[in-house]
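Here's a quick tour of one protein model, from the overall numbers down to a sheet and a couple of helices. Have the structure open while you read.

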Amino acid sequence: MNRILLILLMLVAATLFFYFDLHRLLTLEAIKTGQNTLAEQVLEHPFLTAAAFFLLYIVVTSLSLPGAAVMTLAAGAIFGFWQGLILVSFASTIGATLAMLAARFILQKPVQKRFSRQLKTINSGMEREGAFYLFTLRLVPVIPFFVINLAMGLTSIKPLTFFVVSQIGMLAGTMVYVNAGTQLAGIENLSDVLSPGLLVAFVLLGIFPLLAKRAADFIRSRKVYKGFSKPAAFDRDVIVIGAGSGGLVASLIAATVRARVTLIEKNKMGGDCLNTGCVPSKALIRSARLVSDMRRGASLGLGNIAPEFDFSDVMERVQRVIREIEPHDSVERYESLGVNVELGKAEILSPWSIKINNKVLTTRNIIIATGAEPFIPPVKGLESIQYLTSDTVWNLRELPERLAVMGGGPIGTELAQTFVRLGSDVTQIEQAPGIMSREDPEISAMVAASLTAEGVKILVNHRAESVLSENGEKSILCISKNGDEVRIPFDQLLVAVGRRANVEGLGLEKLGILLTERGTIAVDDYLRTNFPNIYAIGDVAGPYQFTHTASHMAWYAAVNALFGTFRKFKVDYSVIPWCTFSSPEVARAGLSETEAEAQGIAFEVTRFDVAELDRAIADEAAHGVVKVLTTPGKDTILGVTIVADHAGDLISEYILAMKQGIGLKKIMGTIHIYPTLAEMNKFAASEWRRNHKPEWALDLVEKYHRFRRGRPA
């Protein structure tokens with residue numbers, strides 16, 4: 001209501017301004033004609049005239065009415081340079097601030113709500129450097145100041161910051177106009193004030209802050225490097241620490257562009273993904289899925305099939321898969337591609353030197369890609385047993401009869417389902433209200449129902465309190481949200497409650513490299529640490545701990561490190577997909593419904609039930625959902641979640657669409673092979689189209705058909 005009232009008052013004021021032809025009084029001709037009369041008013045009533053001028057100027061600028069430039073000239077002509085400068089300088093800033101606040105009150109909330117995703121980057125930039133950008137814009141009067149006022153109202157810049165920066169930034173332009181006003185008789189039109197030469201001068205003045213920022217960055221970099229001696233020459237262009245996904249890609253890019261690069265790895269080439277993460281887990285999941293499929297053979301018309309297997313053979317197969325993939329990430333392969341590989345522990349001695357195997361290499365740039373390791377929570381008694389983690393579970397050769405899993409995230413969920421399929425009695429413990437807490441509650445419930453149906457006992461809202469070992473029996477004591485105690489006996493305990501960045505032992509603290517509150521290395525939009533030539537990528541930097549994001553970040557870090565002198569690239573996190581390889585799989589890209597609601601983003605939800613898909617029915621996989629979030633009334637995709645077999649593959653179509661700005665209409669208009677699971681993407685898009693069919697147009701078409709049939713309306 002208050003917003004509507006303000007809009008009405010502003011409209012009334014603007015209408016009266018033009019209705020009474022007040023705008024004609026604020027023209028160059030009118031000011032020149034009435035200059036003598038106004039000068040007499042100043043002599044007779046100096047304070048009253050100045051106050052009236054001051055208030056009128058505020059009104060004109062706050063309502064963004066035409067005439068501010070002419071009034072600035074008039075100030076110089078009527079009051080002289082110094083008094084005119086003071087009046088205009090403060091009146092214009094006050095009016096501009098009021099205009100900004102009015103725009104914020106009327107437009108900011110609806111605009112931010114509707115376009116919050118698109119404005120996220122702008123908002124974050126304004127929080128960091130809003131004052132700097134505003135100052136630059138104020139120095140260039142070729143950009144209408146009223147446009148700047150309205151635009152700034154849509155951002156989160158503080159009013160006091162806006163006022164002070166505007167006061168200083170507009171001063172140069174105000175001085176030019178007020179001074180020109182003292183020579184009003186020689187001015188025929190406003191273009192006489194801003195000659196081409198003066199405009200060029202203002203543009204150069206506007207560039208000055210950019211140059212000043214570069215200089216400030218240079219000074220800051222010199223400050224952070226203080227105390228370190230930069231070599232006159234370097235052994236390497238870049239040294240990459242960590243041969244996981246990010247490090248491998250970064251070193252390969254450097255070698256491809258003929259840079260001299262060294263890759264250092266202290267453990268195994270391929271990092272966690274190859275040796276303890278993605279590869280072994282997916283190999284084990286595949287074996288467990290076959291066991292599950294065999295046990296439900298009756299549903300496929302084959303009768304009951306009892307799978308016979310030795311768990312140690314299954315785990316040996318996992319190792320065989322790792323060995324088959326190892327050559328892709330081997331020292332020999334990367335050496336053949338031009339990467340110098342060093343196996344050993346790296347210690348950063350200075351921004352340009354690294355110690356490895358008792359020798360020191362100098363380098364122009366460093367890329368840290370040391371990944372993460374399992375986080376071990378402070379549970380009493382945990383240290384007294386040999387618990388398992390996602391790093392050590394692959395050493396098992398005997399299937400645990402009873403397995404307790406701490407953690408309801410992707411790793412805990414995948415392994416809980418895998419081991420129950422292989423025959424373990426599995427209990428999964430999660431402190432949150434549901435497993436897979438990053439997903440919408442309904443998605444979490446679907447996965448939980450699947451795990452429960454297969455025999456996993458899921459305890460949500462339970463906190464692991466202590467690990468007990470009595471009379472050879474191991475158990476974990478959990479406390480429910482209501483305070484009830486539950487004791488879970490186990491033969492093996494798998495700790496899967498998250499991962500923490502590998503930042504220790506690198507010399508980061510001694511060097512002074514900053515960390516975030518989450519314990520990851522702090523980097524800017526270009527993936528630089530507080531040392532501009534040291535970069536960090538992947539799990540050690542975050543914000544996403546996925547193999548594919550580490551590879552994604554590697555390109556930006558490598559290119560910025562090698563060619564940042566000419567052009568730097570900000571890392572793009574606009575469309576980050578991920579998948580939990582449970583059964584059914586859960587794949588997502590973009591916003592979930594829960595996230596959209598939390599961020600105040602307007603959205604519509606379109607759903608397609610996988611149970612309606614012919615191929616899913618034929619495969620006995622008729623379960624799951626495709627859930628698409630779109631901008632209200634439009635087919636613009638904000639986020640997609642797919643719960644289905646092979647969801648991690650199926651979501652790629654949506655990832656491409658979101659990245660390239662393709663809407664649901666074009667997905668619907670694309671031919672998909674029948675019968676395939678991929679048809680669910682097309683049918684979800686068709687569901688959106690059905691929900692947005694133009695009823696008015698269909699009514700007209702119906703009447704047209706009736707007319708053609710010769711029937712009365």
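Which strands does helix α27 lie across? Helix α27 (residues 679–691) crosses β19, β20 (625–630) and β21, and it runs at about 130° to β19. Keep in mind that this is a predicted model.

**The whole protein**
- There are 713 residues here, and 45% of them count as buried.
- The secondary structure adds up to 28 helices and 21 strands.
- Take the contacts between residues at least 6 apart in sequence: 66% of them join residues at least 24 apart.
- About 36,100 Å² of the protein is exposed, with carbon and sulfur atoms supplying 59% of that.

**The sheet under α27**
- β19, β20 and β21, the strands that α27 lies across, belong to an open sheet of five strands, ordered β17-β18-β21-β20-β19 with antiparallel pairing.
- β17 (577–580) and β19 (604–609) are the edge strands, each pairing on one side only.
- From one strand to the next, the twist averages 10°.
- Strand β18 (residues 585–590) runs antiparallel to β21 (residues 637–644), and six bridges join them.
- If you want a spot to click on, Arg588 has Thr641 in β21 as its bridge partner.

**Helix α25**
- Tyr654, Ile655, Ala657 and Met658 are the buried residues of α25 (residues 652–660).
- These four sit on the same side of α25 because they cover an arc of only 165° around the axis.
- Leu656 and Gln660 are exposed, on the face turned away from the buried side of α25.
- Just after α25 comes Gly661, with a positive phi of about 70°.

Methods:
Residues are numbered from 1 along each chain as its sequence is written. This is a predicted model: local features need pLDDT of at least 70, side-chain atom pairs count only at pLDDT 80 or more; totals for chains, interfaces and linings use all residues. Side-chain values use heavy atoms; hydrogens and water are left out. Helices (H or I, at least four residues) and strands (E, at least two) are DSSP runs, numbered from the N terminus. Buried means under 20% relative accessible area, exposed over 50%, partly exposed in between (1.4 Å probe, protein chains only). Contact means heavy atoms within 4.5 Å. Accessible areas come from the Shrake-Rupley method with a 1.4 Å probe; for residues, only the protein chains shown count as cover. The arc is that of the directions from the helix axis to the C-beta atoms. Two strands pair if DSSP finds at least two bridges between them. Axes are lines fitted to C-alpha atoms, for helices over the stretch in contact, and angles run from 0 to 180 degrees between N-to-C directions.
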